[in-house]
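Pulled this one up to sort out how the strands line up and what the helices lean on. Notes below, in the order I looked.

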Amino acid sequence: MAIILGNDISPIQPKWVPPNVRFEVDNVEQDWTYHQAFDYIHCRMMGNAIKDWPRLNRQCFQHTKPGGWVEFIDLDITWTSPDGSLLESHASKKFNNAFIKVSREANIESCPGLYLEGWMRDAGFANIHAEKFVWPVGTWPKDKHLKEVGAWNYLQIMEGLEAFTFALFTRHLGMSKAEVEVICANIRKEIKDPKLHAMFHLHVAYGQKPEA
């Protein structure tokens, strides 16, 4: 039976887990102190959480068994639209541009999906495969699968806007809580419009540590 170790910087893990699963609270940006190598390492949705992505990739490589695999899943949160319905004048697009710009000024990459493949190659991984998937904002796509993806994405944006935004905009732009709340309200109003066909992309990259 495989043994699964989960890692998070916060103690938010469920207590009811299968017997082969355990969690630990740790910071993956610190030196890894594991005494064993892993068959498979999975890292997902760490945008705006990691300051040194190349180092994270090197540590993954170092702690993977020869022949083992590492997989990264993350976003390019650059909002766009397939039909030009999202304009630079939209509040949501202005917010998106500002979010990415301020993140990078704070030495945080909010669009790591764009660079996953390159970071893995630089770390020494082989047999790298990379894919890109559309993440619609809302249920506007005609495709049934994309419509469902868009519904879930819409929900997480609607419920998480303040959590995504408050720390970054108040600390680095000097905005007040009230100012951020107005921005979030304007975004929510816009993305309720079915004529707005916004989307961004999810990237998946996985590779293998060479046998020798």
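Started with the sheet, keeping in mind that the model is predicted. I find an open sheet of 4 strands with mixed pairing, running β3-β4-β6-β5. β3 (38-44) and β5 (126-136) sit at the edges, each pairing on one side only. I also looked up the turn between neighbouring strands: on average 10 degrees, direction ignored.

Next, the β3 and β4 pair. β4 covers residues 64-80, and the two strands run in the parallel sense over 6 bridges. Wanted one concrete bridge, so I looked up Phe 38: its partner in β4 is Thr 64.

Then, which helices pack on the sheet? I noted α1 (residues 53-62), which touches β3 and β4. The direction of α1 makes about 155 degrees with that of β4. I also noted α4 (residues 144-172), which packs on the sheet and touches β4, β5 and β6 (199-208). Against β5, the direction of α4 comes out at about 80 degrees.

Last, a helix pair. How do α2 and α5 cross? The axes of α2 (residues 91-105) and α5 (residues 177-191) come within 8 Å and cross at roughly 130 degrees. That angle is why I put α2 down as oblique to α5. From α2, the contact uses Ala 91, Ser 92 and Phe 95. From α5, I listed Ile 183, Asn 186, Ile 187 and Glu 190. By type, the residues of this contact split into 4 nonpolar, 2 polar and 1 charged.

How values were computed: Residues numbered from 1 in each chain as written. Predicted model: local features only at pLDDT ≥ 70, side-chain atom pairs only at ≥ 80, totals over all residues. Heavy atoms only, no water. Axes fitted to C-alpha atoms, helices over the stretch in contact; angles between N-to-C directions. Parallel < 35°, antiparallel > 145°, perpendicular 65-115°, else oblique. Contact = heavy atoms within 4.5 Å. Nonpolar A, V, L, I, M, F, W, Y, C, P; charged D, E, K, R; others polar. Pairing = 2+ DSSP bridges.
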